[in-house]
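Q: Please take one part of this protein and go through it closely, residue by residue where that helps. Begin with the term needed for surface residues, and put the part in the context of the chain.

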Amino acid sequence: MILFEFLDHQELPEGVHTFNFSFMLPLTIPSSFSGYYGKIQYQIRVVMDRQLKFNHNFKFSFTVMTYLDLNFEGPELRRPFVAGATKKFFLGFGSNPLHIKAEIPICGYVRGQKLKIDVKLINESSVDVDQVIVELHRLLVYKCDFSNTQTGYQELNGIEYKGPNSGET
């Protein structure tokens, strides 16, 4: 995109010349990002075009941080999310179950917001639980029309809790 062009190949005389440009970033562009399989990066390229001579050009990058107000997003981001599992040991013969349930109060979060996770473990089995580990992962999915989809995981944070033993809640 040419933002400024001299008419009739005017020459700039010696001295300081200032040209002011502005460009409205689209509201729908994604935030800048860099990952294992790809990146989203924004650059500005400046070219000083000189007739019959080599052009002088340079680039510099800038970061786009998309502002997101979850109050205006869909109601599904304000709903709680619950997941759980039940495990029986010894092929289910003579063993009481172990139940685990994790819950978050809402599904949508923004940077810097505290994420509260409630984990409930009911161990009715005779098998001791050594620890409960909660990890926060970032799931990245890269899709391309011309090749396979790639998925990457990155652990962002992790916490551990030791116990409870069998028969404890």
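A: A residue is called exposed when its relative accessible area is over 50%, buried when that area is under 20%, and partly exposed in between. Y67 has a relative accessibility of 69% and is therefore exposed. In the chain, Y67 belongs to the loop between strand 4 (56–62) and strand 5. Its C-alpha atom is 9.2 Å from that of V110, a residue 43 positions away along the chain. The loop that holds Y67 leads into strand 5, and strand 5 is part of the sheet examined below.

First, the setting. The model is a predicted one. Its chain has 169 residues, of which 12% count as buried. The secondary structure consists of 9 strands and 0 helices, so the order of elements from the N terminus is β-β-β-β-β-β-β-β-β. The accessible surface of the chain is about 14800 Å², and carbon and sulfur atoms hold 55% of this area. Among contacts in the chain with a separation of 6 or more, 42% are between residues 24 or more positions apart.

The part to look at is an open sheet of 3 strands, arranged in the order 5-6-7 with antiparallel pairing. Strand 5 (81–87) and strand 7 (118–123) are at the edges: each has a single partner strand, so one side of each lacks a neighbour in the sheet. On average, neighbouring strands here are turned by 10 degrees against each other, with direction ignored.

How many bridges join strand 5 to strand 6? The count is 7, and these two strands run antiparallel. One of the pairs involves F81, whose bridge partner in strand 6 is I104. Strand 6 covers residues 98–104 and is joined to strand 7 by 6 bridges, again in an antiparallel arrangement. In this pairing H99 is opposite I122 of strand 7. As a general point, side chains in a regular strand alternate between the two faces of the sheet.

Strand 7 deserves more detail, beginning with D118. The side chain of D118 forms a salt bridge with that of K116, with an N to O distance of 2.8 Å. The rule used here gives a count of 1 salt bridge. In general, oppositely charged side chains can pair when their charged atoms come close. D118 has a relative accessibility of 38% and so counts as partly exposed. K116 has 47% and is likewise partly exposed, since its value lies between the 20% and 50% cut-offs.

N123 also belongs to strand 7. Is N123 buried or exposed? At 2% relative accessibility, N123 is buried, because that value is under the 20% cut-off. The side chain of N123 makes a polar contact of 2.6 Å with the side chain of S125. The N123 side chain also reaches the backbone oxygen of V127, at 2.8 Å.

S125 lies past strand 7, in the loop that runs to strand 8 (131–142). S125 is buried as well, with a relative accessibility of 5%. A polar atom of the S125 side chain is 3.2 Å from the backbone nitrogen of V127. N123, S125 and V127 are thus linked in a small network: N123 contacts S125, N123 contacts the backbone oxygen of V127, and S125 contacts the backbone nitrogen of V127.

For a view outside the sheet, consider F33 in strand 1 (residues 33–34). With 24% relative accessibility, F33 counts as partly exposed. Leaving aside residues up to four places away in sequence, F33 touches G38, K39, I40, R138, L140 and Y142. The C-alpha atoms of F33 and V64 are 8.8 Å apart, while the two residues are 31 positions apart along the chain.

Technical notes
Residues numbered from 1 in each chain as written. Predicted model: local features only at pLDDT ≥ 70, side-chain atom pairs only at ≥ 80, totals over all residues. Heavy atoms only, no water. Helix = DSSP H or I, 4+ residues; strand = E, 2+ residues; numbered from the N terminus. Buried < 20%, exposed > 50% of the residue type's maximum accessible area, 1.4 Å probe, protein only. Contact = heavy atoms within 4.5 Å. Areas by Shrake-Rupley, 256 points an atom, 1.4 Å probe, with all protein chains shown as cover. Pairing = 2+ DSSP bridges. Axes fitted to C-alpha atoms, helices over the stretch in contact; angles between N-to-C directions. Polar contact = N/O pair within 3.5 Å; in protein donor to acceptor, adjacent residues only side chain to side chain. Salt bridge = Lys/Arg side-chain N within 4 Å of Asp/Glu carboxyl O.
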